[in-house]
Amino acid sequence: MTAIDELLRRNEELGNIVPGDRSSPMPSMQVTILTCMDSRIRVFEIFGLKQGEAHVLRNAGGVVTDDMIRSLALSQRKLGTREVLLVHHTNCGLELVTEDAFKDELETDSGMRPPWSVEAFREVKDSVRGSVNRVRNSPYLIHKDTVRGFVYDVRTGVLTEVI
Ligand SMILES: [Zn+2]
């Protein structure tokens, strides 16, 4: 049995029991949360989110890449969100690689150097500041007054504001 088989089994077992408003694609709290794909960050539980309240965008690191900007532009311009909550975290997988070493590895295996940035970092607070500034400086976004960046401690569950 694969992990996906197991997840499908659990889904069937749980049924459709999640409460919340399903009437609109526009998040009722008008907020977008950007965070890492890390399996210890249970976004919905951490913020007590119900269905229909917030957009949640995730990637490796929770870094604001062009694709994050693409989703944020749609979120703000077509789906009514006005605030951005960015959460990076301690003990992130991106601290385990360096930009050049990971690109070298991919190039060695594939013969092609990736055109995208790995976005590796050593200091998580710098990574939060960098991502928040990308949101604030993006010409494609219309709501940049309330953009706040935090570090989530995966061991204690404490959120610390950085910027
Ligand atoms: Zn991470």
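The residues that line the largest cavity divide into six nonpolar, one polar and no charged. This cavity belongs to a predicted model, and the structure holds one cavity of 30 Å³ or more. The volume of the largest cavity is about 30 Å³. Its lining consists of Ile33, Thr35, Ile41, Val43, Ile46, Phe47 and Val87. Strand S1 (31-36) and helix H2 (43-46) are the elements that give two or more residues to that lining. Empty space of this kind is found by rolling a probe the size of a water molecule over the atoms.

The cavity can be placed within the chain as a whole. The chain has five helices and five strands, and from the N terminus on the elements run α-β-α-β-α-β-α-α-β-β. The C-alpha trace spans about 50 × 45 × 35 Å along its principal axes. Of the 163 residues in the chain, 35% are buried. Among contacts with a separation of 6 or more, 62% are between residues 24 or more positions apart.

Next comes the nonpolar interior. The largest nonpolar core has 34 residues, and those with the most contacts inside it are Leu34, Val64, Leu72 and Val135. The elements that give two or more residues to this core are S1, strand S2 (54-59), helix H3 (66-77), strand S3 (83-89), helix H5 (124-137) and strand S4 (147-152). S1 thus appears both in this list and among the elements of the cavity lining. What does Val135 touch, not counting residues up to four places away in sequence? The partners of Val135 are Val64, Leu72, Val84, Leu141, Lys144 and Val147. Two of them, Val64 and Leu72, are also named among the core residues with the most contacts.

A pocket also involves S1 and S3. The second largest pocket has a volume of about 210 Å³. It is lined by 13 residues, of which Met29, Val31, Ile33, Glu83 and Leu85 are the closest to its centre. Ile33 is also one of the residues that line the largest cavity. S1, S3 and S4 each supply at least two residues of the pocket lining, and the largest share, three residues, comes from S3. By type, the lining of this pocket divides into eight nonpolar, two polar and three charged residues, whereas the lining of the largest cavity has no charged residue.

Helix H1 takes the reader back to the start of the chain. H1 covers residues 3-14, twelve residues in total, and reaches 16 Å from its first C-alpha to its last, close to the 16 Å expected at 1.5 Å a residue. Are the residues of H1 buried or not buried? The count of buried residues among its twelve is zero, and the helix is hardly covered. Gly15 follows H1 and has a positive phi, near 70°.

Two residues that are not glycine also have a positive phi. Gln30, with a phi of about 55°, sits in the loop between H1 and S1. Its relative accessible area is 35%, so Gln30 is partly exposed. Asn91 has a phi of about 60° and lies in the loop between S3 and helix H4 (99-110). Asn91 counts as partly exposed because its relative accessibility is 38%, which lies between the limits of 20% for buried and 50% for exposed.

Technical notes: Residues are numbered from 1 along each chain as its sequence is written. This is a predicted model: local features need pLDDT of at least 70, side-chain atom pairs count only at pLDDT 80 or more; totals for chains, interfaces and linings use all residues. Side-chain values use heavy atoms; hydrogens and water are left out. On a 1 Å grid over the protein atoms alone, a cavity is a set of points where a 1.4 Å probe fits but cannot get out, and a pocket is an open set with protein on both sides within 12 Å along at least five of seven lines; lining residues have an atom within 4 Å of a point. Grid points are joined across faces, edges and corners, and a volume is the space filled by probe spheres set on the points. Helices (H or I, at least four residues) and strands (E, at least two) are DSSP runs, numbered from the N terminus. Ala, Val, Leu, Ile, Met, Phe, Trp, Tyr, Cys and Pro count as nonpolar, Asp, Glu, Lys and Arg as charged, and the others, Gly among them, as polar. A nonpolar core is a set of buried Ala, Val, Leu, Ile, Met, Phe, Trp, Tyr and Cys residues joined through side-chain atoms within 4.5 Å. Buried means under 20% relative accessible area, exposed over 50%, partly exposed in between (1.4 Å probe, protein chains only). Contact means heavy atoms within 4.5 Å. The expected span of a helix is 1.5 Å times one less than its number of residues.
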